[in-house]
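Reader: I am new to this structure and would like a close look at a single part of it, taken slowly. Could you walk me through the sheet and the side-chain pairs that go with it?

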Amino acid sequence: MEHGTFLGDDRFVWGPEGLDEVEAELLGPPEELKDRRVLEIGAGAAQCSRWLAAQGARPVALDISHRQLQHALRIGGSFPLVCADAGALPFADASFDLACSAYGALPFVADPVRVLTELRRVLRPGGRFVFSVTHPIRWAFPDEPGPEGLTVAASYFDRTPYVEQDEQGRAVYVEHHRTIGDRVRDIAASGFRLVDLVEPEWPAWNTAEWGGWSPLRGNLIPGTAIFVCERDDRG
Ligand SMILES: C[S@@+](CC[C@H](N)C(=O)[O-])C[C@H]1O[C@@H](n2cnc3c(N)ncnc32)[C@H](O)[C@@H]1O
């Protein structure tokens, strides 16, 4: 995700609209975060973990990219950084109370059920996983901030991944599309219960325009989908 300038190093922001965890409380009230073991996947520079640590939680920030974690290390914070694939978590069963991800890992994997199944395994019974991704409807629109970004140009149902290649033809960036229905089925198939799906509205204070993000588009079509899931132990 390209960031707006509002993101900072220690705010927990769910997406480009600017909705933060202080306002959203999707992981629960901040006063209940104290001492909670929280796994952040696709942490990048670990802004969310830094905020969680400031609330007294015990975050672990995981990312597959060593370079991202070096960036996190440079910014600082007193919590572990783990370089690993979210599809093979190096943690014991039921070792976290909560898990979260802001635009991390899930959009970039071909097999999201594998990641979700791993998250369910490392969460305690009833534990919550909240993750945000680009709202699937955006797949159908050009990634442009102006009016050209308001006309459907591709099929919402086309799951062909978006791939950028280097000069040698190697994939250097891959993003996978899941429809809303795909995501709901992935969540259920992994042993989670979907308890909410949040579509943040573009707030009036956010006048930022970058990449495909803009108040023009934000006021008309959703940009972020936040899935709130709980480990389902009903059998
Ligand atoms: C768009 S960035 C989001 C970073 C951060 N959560 C934020 O809000 O700024 C996506 C991150 O997911 C990480 N990622 C991609 N695939 C992953 C995987 N399979 N396992 C763990 N992290 C992954 C990338 O390295 C990158 O740091």
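**Charged pairs, aromatic rings and the sheet**

Author: The side chains of Asp-35 and Lys-34 meet in a salt bridge, with N and O 3.7 Å apart, and this is a convenient place to begin reading what is a predicted model. Asp-35 counts as partly exposed because its relative accessibility is 45%, which lies between the limits of 20% for buried and 50% for exposed. A search of the whole structure finds 17 salt bridges, and a few of them can be taken in turn.

One of these joins Asp-233 to Arg-120, whose side chains meet at 3.4 Å, N to O. This pair links distant parts of the chain, since Asp-233 lies in the segment after β9 (224-231) and Arg-120 lies in helix α4 (residues 112-122), 113 residues apart. Asp-233 is partly exposed, with a relative accessible area of 40%, and Arg-120 also counts as partly exposed, at 21% relative accessibility. In another salt bridge, Arg-170 is joined to Asp-166, and the closest N and O atoms are 3.1 Å apart; Asp-166 counts as partly exposed at 24% relative accessibility. Salt bridges can also be linked into a network, as they are for Arg-159, Arg-178, Asp-182, Arg-185 and Asp-186.

The helix that holds Arg-120 leads to the sheet, for α4 lies across β1 (37-41), β4, β5, β8 and β9, and runs at about 145 degrees to β5. Helix α5 (residues 180-189) packs on the sheet as well, where it touches β5, β8 and β9, and its direction makes about 145 degrees with that of β8.

The sheet itself is open and has 7 strands, in the order β3-β2-β1-β4-β5-β9-β8, with mixed pairing. Its edge strands are β3 (81-83) and β8 (192-198), each of which pairs on one side only, and the twist averages 20 degrees from one strand to the next. Within this order, strand β5 (residues 123-134) and β9 run antiparallel and are joined by 7 bridges. For Val-130, the bridge partner in β9 is Val-228.

Aromatic rings give a further set of contacts, and a search of the whole structure finds 9 aromatic pairs. One of them is formed by Phe-12 and Trp-14, a tilted pair with 4.6 Å from centre to centre and 45 degrees between the planes; Phe-12 and Trp-14 are both buried. Another is the edge-to-face pair of Phe-108 and Tyr-173, with 5.9 Å from centre to centre and 75 degrees between the planes. This pair, too, links distant parts of the chain, with Phe-108 in the loop between β4 (96-102) and α4, and Tyr-173 in strand β7 (residues 171-175), 65 residues apart. Phe-108 is partly exposed, with a relative accessible area of 34%, and Tyr-173 counts as partly exposed at 31% relative accessibility.

Finally, Phe-129, Phe-131, Phe-192 and Phe-227 form one aromatic cluster. Read against the strand limits, Phe-129 and Phe-131 fall within β5 (residues 123-134), Phe-227 falls within β9 (224-231), and Phe-192 falls within the edge strand β8 (192-198). The cluster therefore draws its residues from β5, β9 and β8, given the numbering of these strands along the chain.

How values were computed. Residues are numbered from 1 along each chain as its sequence is written. This is a predicted model: local features need pLDDT of at least 70, side-chain atom pairs count only at pLDDT 80 or more; totals for chains, interfaces and linings use all residues. Side-chain values use heavy atoms; hydrogens and water are left out. A salt bridge is a side-chain nitrogen of Lys or Arg within 4 Å of a carboxyl oxygen of Asp or Glu. Buried means under 20% relative accessible area, exposed over 50%, partly exposed in between (1.4 Å probe, protein chains only). Helices (H or I, at least four residues) and strands (E, at least two) are DSSP runs, numbered from the N terminus. Rings of Phe, Tyr and Trp (its six-membered ring) pair if their centres lie within 6.5 Å; planes under 30 degrees apart count as stacked, over 60 as edge-to-face and the rest as tilted. Two strands pair if DSSP finds at least two bridges between them. Axes are lines fitted to C-alpha atoms, for helices over the stretch in contact, and angles run from 0 to 180 degrees between N-to-C directions. Contact means heavy atoms within 4.5 Å.
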